[in-house]
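Visitor: I am new to this structure and would like a close look at a single part, the surroundings of the ligand. Could you take me through that part slowly?

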Amino acid sequence: MKAILVDAFGGPETMTLREVADHRPGDNEVLVDIASTSVNPIDWKIVSGAMRSVIPVPLPFTPGVDAAGTVIAVGRNVTTFAPGDEVMGFIGILGSYATRAVVSAERLARKPGNVPLTEAGAIPAVTLTAWQALFEHGGLRAGQRILIHAAAGGVGSAAVQLAALAGAEVVGTASRANLDYVRSLGAATVIDYGAEDFARRVVEADMVLDLVGGYTQEQSWSVLKPGGILVSSVSQPDILRGRASGAEGIRFSTRPDGKQLSEIAALYESGKLRTQVDSVFPLNEASHAMTRSMTRHARGKVIIKVANQQ
Ligand SMILES: NC(=O)c1ccc[n+]([C@@H]2O[C@H](COP(=O)([O-])OP(=O)(O)OC[C@H]3O[C@@H](n4cnc5c(N)ncnc54)[C@H](OP(=O)(O)O)[C@@H]3O)[C@@H](O)[C@H]2O)c1
């Protein structure tokens, strides 16, 4: 098998595609022939070394958290999948920029039938992040108002669709070029963050989903109603600021969850959820894929197509 390897922390150029020893699945694991993966910002944060104190990884390592592909072998305790099944999963913090990966069976779900394998690798991490943020951490319900920052990105695109499907009133922030796109995902109101101050436009929000951090997060307290909640995937909100506004703030980390991903797959199958593909790169150009994600202006997902790289 082949895998992208990072020998020293640094930029995307530190990644090389090399031949590595084949993996074998443990008792509760599945060996997947990977067809596609995608770039998530956590990948380049880990490659750069910026996450070393929080997520220590031994060098050399293979980046990548998302995978879609075909099962080629299963461990002896695995009854849920069999060779030939097409699956997808948020596989863990490393390992999917490769032609094969060993994955815990409980992190996998069947790939939606109407999504090609070469795109399904863009689904798991961002949709699970959006789902957990909205419903587990934010408790979002029909009729509530939610402000979603970075609504045109990977997590944001999923969050806008899921929140609108749940019957919430969605306000999304994006650059001017992405306003129509965010509207097409189900946002009732879109705000060009480069031209308008969202804090002057949004009032009485029940929830803010912060996918940006910094100044954007700080300004978000003022749009929340008392009892509202600021949920961030980026940094811990200032609890004292929250208390002063009568609102709550939390930062969360996404959890791999095959069952939840199966529910998400059903939404794809019924045509209620879709993935916007920003760009597709072959595995041997993973560094270009990462560079594209690092612009922070991808619309939807940057995919790494692995199939045919064996
Ligand atoms: N804690 C966790 O477990 C977890 C899980 C997933 C993601 N995350 C984090 O969540 C963040 C978002 O992830 P992602 O995958 O959605 O990233 P992404 O796809 O790279 O986000 C790119 C999007 O951000 C938008 N954007 C950039 N600056 C903005 C601003 N100031 N205001 C509004 N939109 C802005 C861009 O829209 P325009 O081009 O229109 O500007 C672009 O569409 C990342 O920092 C990631 O590391 C954390």
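**Around the ligand**

Guide: The C-alpha centres of domain 1 and domain 2 lie 28 Å apart, in what is a predicted model. Domain 1 takes in residues 2-123 together with 275-305, while domain 2 covers 126-251, and where the two touch, eight residues of domain 1 are in contact with nine of domain 2. On the domain 1 side of that contact there are three nonpolar, three polar and two charged residues.

Turning to the ligand, the shell around the ligand draws at least three residues from each of the two domains. Of the 29 residues in this shell, those that come nearest are Pro 41, Gly 153, Val 155, Ser 175 and Ser 233. By class, the shell holds twelve nonpolar, 15 polar and two charged residues. At least two residues each are supplied by α1 (41-48), α3 (124-137), α4 (154-165) and β9 (169-174), and the largest share, three residues, comes from α4.

Two of these contributors, α3 and α4, also meet one another: their axes come within 8 Å and cross at roughly 50°, and the two helices are therefore oblique to each other. The crossing of α3 and α4 is right-handed. From α3 the contact is made by Val 126, Thr 127, Thr 129, Ala 130, Trp 131, Ala 133 and Leu 134, and from α4 by Gly 154, Val 155, Ala 158, Ala 159, Leu 162 and Ala 163. The residues of this contact divide into ten nonpolar and three polar, with no charged residue among them.

Note on methods
Residues are numbered from 1 along each chain as its sequence is written. This is a predicted model: local features need pLDDT of at least 70, side-chain atom pairs count only at pLDDT 80 or more; totals for chains, interfaces and linings use all residues. Domain bounds come from an automatic or database domain assignment. Two residues are in contact if their C-beta atoms, placed from the backbone, lie within 7 Å. Ala, Val, Leu, Ile, Met, Phe, Trp, Tyr, Cys and Pro count as nonpolar, Asp, Glu, Lys and Arg as charged, and the others, Gly among them, as polar. A residue is near a molecule or strand if its C-beta atom, placed from the backbone, lies within 6 Å of it. Helices (H or I, at least four residues) and strands (E, at least two) are DSSP runs, numbered from the N terminus. Axes are lines fitted to C-alpha atoms, for helices over the stretch in contact, and angles run from 0 to 180 degrees between N-to-C directions. Angles under 35 degrees count as roughly parallel, over 145 as roughly antiparallel, 65 to 115 as roughly perpendicular and the rest as oblique. A crossing is left-handed if the near helix is turned anticlockwise from the far one by less than a right angle, and right-handed if clockwise.
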